[in-house]
Structure formats: C-alpha cells, structure tokens
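Colleague: I am new to this structure. Could you walk me through how to read it?

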Amino acid sequence: MSRYRIPILVWCILLLNVPALGLSATYEVQRGDSLWEIARRFRTSVARIKKINGLKSPRIYPGQQLQVGEKIREFLLPNGPYYHTRPARDLQDTRDYAEGSSGTPARDFARARGLLASHRSELEVRFARIKGRKKPLRGWRIVIDPGHGGRDPGAIVSNRDGRDRGVHVVEDEYVYDIALRVFERLLLYGASVDLTVISPNHLRRDNTPASSTFVNEQNEVYNDPAMSRSSKNGSRPGSDNINRRVRISNAFFGGRSKTLFVSLHADNSPGRPKGPLVIYQKKGRRVDRASKKLAESLRRALDSPTVPAQMGGRNLAVLRGNRARAEVLVEIRNVAFVGDAWALRFHETREEDADRVVKGILDYVGE
Ligand SMILES: [Zn+2]
C-alpha cells in the first residue's frame, strides 16, 4: 500500500554513501580572470575572497592560488515521489485545477507533523554519521516560510511542457519543495529549523515524467496544532491570515537572539526583472540593518540582478512584527518570465536554488 512507501524510501537513503563536506577549494587564477567572475563561479563574494586570502586590493595575477572558501557539495538525497497518496493528476492543465483534501485540517495536521518529524529524525541519524561534519549554524533557530499553501496557491502561470502541451505552474507547490530542500540543508549544518506551513501528503518531489507539473493541492496546514484544530477548511492557510505565520515563527524563536526568518516565493511580477529578488523592510521608520545584511548576502548567493528592495515598515505582514534577528522575503524566481517558470519545474534547478539560499544564510552567519 502506498503509505508504506515512505519508510522504505528513507531506508534506501540511509544506505547511500555520503559525500565529504566542508572541503576548502583552491583556484588558480587564469589570464583574463577578475575577482568578480571568480566569486560568481564559486558562488561567493569578492569581499569574502579578499578576506580569506588577505588581499588588500582586487588585483590578481595569472598563476595565483586563491582560496575560494568552502564549496557546498551536491546534496545527495534522491528525489523521491514520497507520496502518501499521489495527486489524482500529473498535469496542471488548466489554471483553475485544484485538488482538495479528503481529511479535516486537524487530521491533515497530524499527518503532516508525523511526516515531517519522521523525515527530520531520519535525516538527523544520517547526518550524525558524516565524519568531520561541520555545524556552522549550531545555536541558530531558523524559520523557513513556504509563502503560500492551503487555500492560497499564489501565482499560477501558463507554460508549455516538452511536448508543447499547455501546463500551469503553481507557485505554492514549487516553493514548498524548495523550502523542504532548504530545511534539510539547514539541519545538516546544525541549525534548529522549522516551517510555518506543512503538507500532509508529500515531502520534496522530482518531476517524473518530465511532462508532469505539480498540481495545486489545497491540503496544506499551518504548523501549529491550535491553528489547525478546526474541522473546517477555512482554517487552512489563505492569503487573508498571513500574521499567523508570524505567530508561529515568534513562538519557535521563543525570545532567543540568534534567529532568522526567510519567506520563500516565486511571484508573477511583470514589472520586475527576470531572476531572484530579495526584499526586507524597515523597522518602523528605521533601516533594519540585520535584515539588510541578510538580504545582501542572499542577493550575492542567488546572483540576483537586482539590489535588495527595502519596503516601508508596514508593507509586508509576514515581516512586520516578526521577532527574528533578521527577516527577509525571497522571490526565488519571477514566473512572469517563461524561463523562470520553466526552471522551477525541474528538481535540479530547485536543488540549486536551495543551495544558493543556504549559501546566503551561511555567509550572513559567518561574516
Ligand atoms: Zn508569493
């Protein structure tokens, strides 16, 4: 039966070889290289390369050996189907297609919590076996907020699949997948991590067959028993109760100081450039320096073409009243652009997006 698939898959994960982590990489400068290009290639910053090599100026010469920091190795978990129950369709072929839940929010909450808890403990067992594992995020509490879910699908844009059939890309399903990949990496690096919204049905997924798209499942719940106690679907996440995400986060932070909040989105913003955008906002009338710094780290790691956007203090409810040391919203892709919506559909690019978000967090904490 399908519900026995998860433990079997997790067992397979445990048998895999684990790559060495935290190896420092060296690069030999070639004729025509610039520090900026090298930083880009190794997903780091000019400032960081200068710092670890003790460079006073950006001048480099061919043959020079540069430390380029710790390269995040590929994260070798296989992409599961990981379903409790498969969605009824493999293709979001119309904008309005959605699948509800056969359970109540209370039942979905119990199942989602169980699914995430077993995944977390399996990962912890697996990570504990990694020799020489580094935990640069030990002592940090981090909340990853999958920006939509439940009754709120976020952006839905049309796209073509490999057979030129019309498909639709639903923001909340893809962002949830990236959030889980970020969650796993942060655990690996020793952070305490939680999610604001959880799914009763699946962990992260691949796109097999390649023609499939994730369909809009409306069964996600808030990661809080009190908020998911109701038997009514109205208690599922919606666009009208964003402040609940803030309450979940603040409860998880519990007044501690080493805390971060990252809300993940892939909105449809035709007025903005292609690619990622990081957003932070003022604390009242003042610039929030910690959030600005986190936003800048993430911008470099994501290779965003746009400087982080600073919002006024009352703009985004999910950042307002959030008691994290630094809190930001990341538009990981802009699905107004066909290429960005297309990229979201592949687990390889979502894997890379997750790597980059975690790189930005590691750089912020390390500086
Ligand atoms: Zn969004």
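Modeller: We will go through the chain, the metal site, the helix packing and a few single residues.

Colleague: Where do we start?

Modeller: With the kind of model. This one is predicted. The chain has nine helices and 12 strands.

Colleague: What share of the 367 residues count as buried?

Modeller: Of the 367 residues, 53% count as buried. Contacts also tell you about the chain. Take those with a separation of 6 or more: residues 24 or more positions apart account for 80% of them.

Colleague: Now the metal. Which residues coordinate the zinc ion?

Modeller: For a metal site, list the donor atoms and their distances. Here the zinc ion is coordinated by His148 through NE2, Glu171 through OE, His265 through ND1 and Asp267 through OD. The distances are 2.0 to 2.1 Å.

Colleague: Why is the arrangement of the four donor atoms irregular?

Modeller: Look at the angles. The four donor atoms subtend angles of 79 to 136° around the zinc ion, and that makes the arrangement irregular. To count as tetrahedral, all angles would have to lie between 85 and 135 degrees.

Colleague: What spacing do the donors follow along the chain?

Modeller: The spacing is H-x22-E-x93-H-x1-D. Glu171 belongs to helix α5, residues 171-188, and His265 to strand β9, residues 259-265, so this pair ties together parts that are 94 residues apart in sequence.

Colleague: Are Glu171 and His265 buried or exposed?

Modeller: Both Glu171 and His265 are buried.

Colleague: How should I read helix packing?

Modeller: Two packed helices are described by the angle between their axes and the distance between the axes. Try helix α4, residues 105-128, against α5. They pack at an angle of about 40°, and their axes are 10 Å apart. That makes α4 oblique to α5. The crossing of α4 and α5 is right-handed.

Colleague: Which residues in α4 and α5 meet?

Modeller: From α4 come Leu116, His119, Arg120, Leu123, Glu124 and Phe127. They meet Leu180, Phe183, Glu184, Leu187 and Leu188 in α5.

Colleague: At what angle do the axes of α5 and helix α9 cross?

Modeller: Roughly 50°, and the axes of α5 and α9, residues 347-366, come within 9 Å. α5 and α9 are therefore oblique to each other. The crossing of α5 and α9 is right-handed. Among the α5 residues that meet α9 are Tyr174, Ile178 and Arg181. On the α9 side, the residues include His347, Arg350 and Val357.

Colleague: Which residues of helix α6 are buried?

Modeller: In α6, residues 243-253, the buried ones are Arg245, Val246, Ile248, Ser249, Asn250, Phe252 and Phe253. Next, ask what covers them. The cover includes β3, β6, β7, β8 and β9. Gly254 follows α6, and its phi is positive, near 55°.

Colleague: Now single residues. Where is Asp145?

Modeller: For a residue, give its place, its exposure and its contacts. Asp145 is in strand β3. Asp145 is buried, with a relative accessible area of 1%. Not counting residues up to four places away in sequence, Asp145 touches Thr196, Arg245, Phe261, Val262, Ser263, Leu264 and Val318.

Colleague: Where is the place of Ala317?

Modeller: Ala317 is in the loop between β11 and β12. With a relative accessible area of 26%, Ala317 is partly exposed. Leaving out residues up to four places away in sequence, Ala317 touches Ile242 and Val246. The C-alpha atoms of Ala317 and Arg244 are separated by 9.7 Å, and these residues are 73 apart along the chain.

How values were computed:
Residues are numbered from 1 along each chain as its sequence is written. This is a predicted model: local features need pLDDT of at least 70, side-chain atom pairs count only at pLDDT 80 or more; totals for chains, interfaces and linings use all residues. Side-chain values use heavy atoms; hydrogens and water are left out. Donors are N, O and S atoms within 2.8 Å of the metal (3.2 Å for Na, K and Ca); water is not among the atoms, so sites may look incomplete. Four donors count as tetrahedral if all angles lie between 85 and 135 degrees; four count as square planar and six as octahedral if opposite donors are over 155 degrees apart and all others between 65 and 115; anything else is irregular. Helices (H or I, at least four residues) and strands (E, at least two) are DSSP runs, numbered from the N terminus. Buried means under 20% relative accessible area, exposed over 50%, partly exposed in between (1.4 Å probe, protein chains only). Axes are lines fitted to C-alpha atoms, for helices over the stretch in contact, and angles run from 0 to 180 degrees between N-to-C directions. Angles under 35 degrees count as roughly parallel, over 145 as roughly antiparallel, 65 to 115 as roughly perpendicular and the rest as oblique. A crossing is left-handed if the near helix is turned anticlockwise from the far one by less than a right angle, and right-handed if clockwise. Contact means heavy atoms within 4.5 Å.
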